[in-house]
Amino acid sequence: MQCPCGSNISFQQCCCLLINQETCAQSPEQLMRSRYSAYATEAADYIYQTYAQASRSLQSIADISVWAKETKWLKLTINAASDYAELNDQNAVNADNKEQHLPTVCFSAYYQHQGEYFLMKETSRFVVEKGQWRYLDGEVSNNEALIAPKRNQACFCDSNKKFKQCCGR
């Protein structure tokens, strides 16, 4: 199975390694991709664990699990990623230093929820806690319902298949 994050490699060789905690994300973008894949594969525990402490108290594994189960994730596009400090850097970014520029990843995600298709655009912010990248928060700039392609039109997930043979099933 191709990795849901859009890396064009297998899930087992990509985000699965992070979700199963066999390795740690080396960048905010890699963490963002793995969190998307975790939503797509309903790995609620991983999503919860990758929240920064400042944000984790606002979440619950049960709520994350319900959202992941009710939502079919179709496509992730990374639009931009800011520069970031290396994990071993003495100046690693953290949520306590408000003056410090936090690394960001801007992305677009297509998904299906309750029979409708959506496009969400978000700019996410990341921090380092205990030597690991964590998702702090995100600002959604757009979350719009989409008109589904007609059955014989190309699918919007870029699979090169007709909609009826892909996301329209």
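Let's start at Arg125, a residue that is partly exposed, with a relative accessible area of 33%. The model you are looking at is a predicted one, and Arg125 is a handy place to enter it.

Arg125 forms a salt bridge with Asp137, and the closest N and O atoms of the two are 2.7 Å apart. This pair ties together distant parts of the chain: Arg125 sits in strand β3 (residues 116-129) and Asp137 in strand β4 (residues 132-146), 12 residues apart. Asp137 is partly exposed too, its relative accessible area being 28%. As a general point, side chains of opposite charge can pair when their charged atoms come close.

How many salt bridges does a search of the whole structure find? It finds 2. Besides the pair just described, Arg33 forms a salt bridge with Glu29, with 3.0 Å between the closest N and O atoms. Here the setting is a helix: Arg33 and Glu29 both belong to α2 (residues 28-40), and because they are 4 residues apart in it, about one helical turn separates them. Glu29 is partly exposed, with a relative accessible area of 26%.

Now stay with strand β3 for a moment, and look at Leu119, which lies in it. Is Leu119 buried or exposed? Leu119 is buried, as its relative accessible area is 8%, and the cut-off for that word is under 20%. Setting aside its neighbours within four places in sequence, Leu119 is in contact with Ser108, Ala109, Tyr110, Asn142, Asn143, Glu144 and Leu146. For a sense of distance across the model, the C-alpha atoms of Leu119 and Asn8 are separated by 21 Å, with their positions 111 residues apart along the chain.

Next come the open spaces. Rolling a probe the size of a water molecule over the atoms shows where empty space is left. The largest pocket has a volume of about 660 Å³. It is lined by 23 residues, of which Gln2, Cys3, Pro4, Leu74 and Cys157 are the closest to its centre. Two elements, α2 and β1 (71-81), give two or more residues to this lining, and β1 gives the most, with 6 residues. By type, the lining of the largest pocket divides into 11 nonpolar, 7 polar and 5 charged residues.

The second largest pocket holds about 350 Å³ of space. Among its 16 lining residues, those closest to the centre are Tyr39, Trp67, Met120, Glu122 and Tyr135. Which elements give two or more residues to the lining of the second largest pocket? They are α2, β2 (104-113), β3 and β4. The largest share, 5 residues, comes from β4. The lining of the second largest pocket divides into 11 nonpolar, 2 polar and 3 charged residues.

A last stop is Ser82, whose place is in the loop between β1 and β2. A polar atom of the Ser82 side chain lies 2.7 Å from the backbone nitrogen of Thr104. Leaving aside neighbours within four places in sequence, Ser82 is in contact with Thr104 and also with His101, Leu102 and Pro103.

Technical notes: Residues are numbered from 1 along each chain as its sequence is written. This is a predicted model: local features need pLDDT of at least 70, side-chain atom pairs count only at pLDDT 80 or more; totals for chains, interfaces and linings use all residues. Side-chain values use heavy atoms; hydrogens and water are left out. A salt bridge is a side-chain nitrogen of Lys or Arg within 4 Å of a carboxyl oxygen of Asp or Glu. Buried means under 20% relative accessible area, exposed over 50%, partly exposed in between (1.4 Å probe, protein chains only). On a 1 Å grid over the protein atoms alone, a cavity is a set of points where a 1.4 Å probe fits but cannot get out, and a pocket is an open set with protein on both sides within 12 Å along at least five of seven lines; lining residues have an atom within 4 Å of a point. Grid points are joined across faces, edges and corners, and a volume is the space filled by probe spheres set on the points. Ala, Val, Leu, Ile, Met, Phe, Trp, Tyr, Cys and Pro count as nonpolar, Asp, Glu, Lys and Arg as charged, and the others, Gly among them, as polar. A polar contact is a pair of N or O atoms within 3.5 Å; within protein, one must be able to donate a hydrogen and the other to accept it, and residues adjacent in sequence count only if both atoms are side-chain atoms. Contact means heavy atoms within 4.5 Å.
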